[in-house]
Amino acid sequence: MSSSPTSPTSPGAPDGRGGAPAAAEPPDSRRRWWGLVVIALAQLMVVLDATVVNIALPSAQRDLHMSDGDRQWVITAYTLAFGGLLLLGGKVADLVGRKRTFTVGLVGFAAASALGGAAHTSTLLFAARALQGVFAALLAPSALSLLTTTFTDVRERSKAFGIYGAIAGGGSAIGLIAGGLLTEYLDWRWCLYVNIPIALGALAGALLLLYDHRPTHRPRLDIPGVLLGCGGLVAVVYGCSEAEPRGWGDPLVLALLAGGVVLLAVFTWWQTRARSPLLPPHIIRDRNRGGAFLTMGLAVVAMFGMFLFMTYYLQVVLGYSPVRTGMAFLPLTATIILTSTQISARLMTHVPPRTLMVPGALLAAVGLFLLTFLTVEPAYVSHVLPAELLVGVGMGLIFMPVMATATAGVAPTESGVTSATVNTAQQVGGSVGTALLNTIATTTSAGYIAAHLESAAADGPLTPAVRDAVTKEGVVHGFHVAIGWGSGIMLLAAVSSGLLVTARAPKHGTPAGAPTRAADAVARRQA
């Protein structure tokens, strides 16, 4: 071989700007960016599928004759499988290859969506949603790990994570918009069928554009870790889901939450002793990464609570149609996308991550606090819109640096499980936030309505108009209290990122994509 310097695009060469070796990158820069489109499409499909069905749920319930008690399984089946199997999905990506896992996830997600769209019974729909969650647990971590191993140059990485962060932050709102349009103008089944062309398009792009090295060393899968970790996550997510209809004091809810905590505690202990741990302890012990995980979880708790309450406020209190409700979230989505791609991505290479995370969380907290002044009368322009803009800017400043920080400095052999941990924090945060804040809202509303109906009865007869007015006021009052809690939780996210995330700007610290010394040592031992 020639002794001349290796070209920047040849395998094993540095990227020329302080990044990691280019062996894991496609040689063509344009191909790499088109690959990002494929990754973003898959991530968008996974994220919006958690909310696109929400608006279609009443129509699906009528069509398939679901009971009120069973209808929650359309949502719960997906979140249980998705949240519970993410760590396993990330480890599978590390063991068999990210691209292979990504393509299998796409095919499976498309097939499960077709099955759900064609479902003629509620049981079949529940099963299809669970299958969607299984394949989403393969897709989400492999997509993020492909991103982290493809874009290693600091500037390119910031742009790529800006786009990915916009999808992660705005995907849920996009799901509400898409759900409204599809349900009103086509049929609820199209909320599932729409995934098929997206998945097939992403599959074709993945086969042509994505590039990934298959791992040379494949340690055994940590079966006890899989059972303990996935079992604990399923129990926690299911407990939070059941807390909404049953209440936090219900014996089943308490048993699920306690059992989940015990399983996760044993899982943590086992990971320090397993030969090939499902989640290597040093990934969590890293201060910056742990702070990013915590910030993600807390921010999503508050954001998902906002989506839930604003959907009910717009449809139930203000009487918006599904389409109008979805479109009402458009400013929030647009703001997240613009902030992630035009502000966060540009500043990420110049400032430490927490200088974006902390102001972002504070702005989002202020935006949520504004929603505590909602009125029963139409108040979209005066109350909802300013809050959406502030929350959108805040989440756009949070998501991109959180994901970049959480996945930075990880050995390629552990990028899948690290990406899965980011997604787990997001998924568990959404489940906990929805259940916790919804319980606060319903409990507060019930107390308010009971007290004010009693007071109104003492003043005169309770006419239907009086009952309706008191009920609406009670519902909005419950939203005030719950969103106020959400605002406080977002402040905790600001404190967490400010105290724990001490990483410097990428150009001043470890090159993007270069493993830390601990991760590098693990990679050398595995090799």
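1. Let me start with a helix pair that is worth finding in your viewer. Helix 12 and helix 18 (residues 464-500) have axes that come within 9 Å and cross at roughly 165 degrees. An angle over 145 degrees counts as roughly antiparallel, and helix 12 and helix 18 are therefore roughly antiparallel to each other. The crossing of helix 12 past helix 18 is left-handed. Sorted by type, the residues of this contact comprise 21 nonpolar, six polar and two charged. Please keep in mind while reading that this is a predicted model.

2. Helix 12 has another partner to look at. Helix 12, which covers residues 287-317, packs with helix 16 (residues 380-407) at an angle of about 155 degrees, and the two axes are 10 Å apart. Helix 12 and helix 16 are therefore roughly antiparallel to each other as well. Here too, helix 12 makes a left-handed crossing as it passes helix 16. The contact of helix 12 with helix 16 is made of 19 nonpolar residues, three polar ones and two charged ones.

3. Now to an earlier part of the chain. How do helix 4 and helix 8 cross? The axes of helix 4 (residues 98-117) and helix 8 (residues 195-209) come within 9 Å, with a crossing angle of roughly 160 degrees. That angle makes helix 4 roughly antiparallel to helix 8. Helix 4 passes helix 8 in a left-handed crossing.

4. Helix 3 deserves a point of its own. Helix 3 runs over residues 73-96 and bends by about 55 degrees at Leu86. Most of helix 3 is covered, with 18 of its 24 residues buried. Just after helix 3 comes Gly97, which has a positive phi, near 115 degrees.

5. Two residues of helix 3 are good places to zoom in. Thr79 sits in helix 3. With a relative accessible area of 11%, Thr79 is below the 20% cut-off and so counts as buried. Along the chain, Thr79 and Gly430 are 351 residues apart, yet their C-alpha atoms are separated by 9.4 Å.

6. The other one is Lys91, also placed in helix 3. Is this lysine buried or exposed? Lys91 is buried, because its relative accessible area is 6%, where buried means under 20%. Its partner to look for is Val417: the C-alpha atoms of Lys91 and Val417 are separated by 5.0 Å, although their positions lie 326 residues apart along the chain as a separation in sequence.

7. Next, a loop residue. Pro352 is found in the loop between helix 14 (330-347) and helix 15 (354-370). Because its relative accessibility is 28%, Pro352 counts as partly exposed; that class lies between the 20% and 50% cut-offs. Pro352 and Ala505 are 153 residues apart in sequence, while their C-alpha atoms are 4.2 Å apart in space.

8. Helix 15 itself contains Leu368. At 2% relative accessibility, Leu368 counts as buried. Measuring from C-alpha to C-alpha in the model, Leu368 and Leu390 are 8.3 Å apart, with a sequence separation of 22 residues.

9. Finally, a point on the cysteines. How many disulfides does a search of the whole structure find? The search finds zero disulfides. Two of the cysteines can be checked for burial. Cys191 counts as buried because its relative accessibility is 1%. Cys230 counts as buried too, because its relative accessibility is 6%.

Key: Residues are numbered from 1 along each chain as its sequence is written. This is a predicted model: local features need pLDDT of at least 70, side-chain atom pairs count only at pLDDT 80 or more; totals for chains, interfaces and linings use all residues. Side-chain values use heavy atoms; hydrogens and water are left out. Axes are lines fitted to C-alpha atoms, for helices over the stretch in contact, and angles run from 0 to 180 degrees between N-to-C directions. Helices (H or I, at least four residues) and strands (E, at least two) are DSSP runs, numbered from the N terminus. Angles under 35 degrees count as roughly parallel, over 145 as roughly antiparallel, 65 to 115 as roughly perpendicular and the rest as oblique. A crossing is left-handed if the near helix is turned anticlockwise from the far one by less than a right angle, and right-handed if clockwise. Ala, Val, Leu, Ile, Met, Phe, Trp, Tyr, Cys and Pro count as nonpolar, Asp, Glu, Lys and Arg as charged, and the others, Gly among them, as polar. A disulfide is a pair of cysteine sulfur atoms within 2.5 Å. Buried means under 20% relative accessible area, exposed over 50%, partly exposed in between (1.4 Å probe, protein chains only). The bend at a residue is the angle between axes fitted to the seven residues ending there and the seven starting there.
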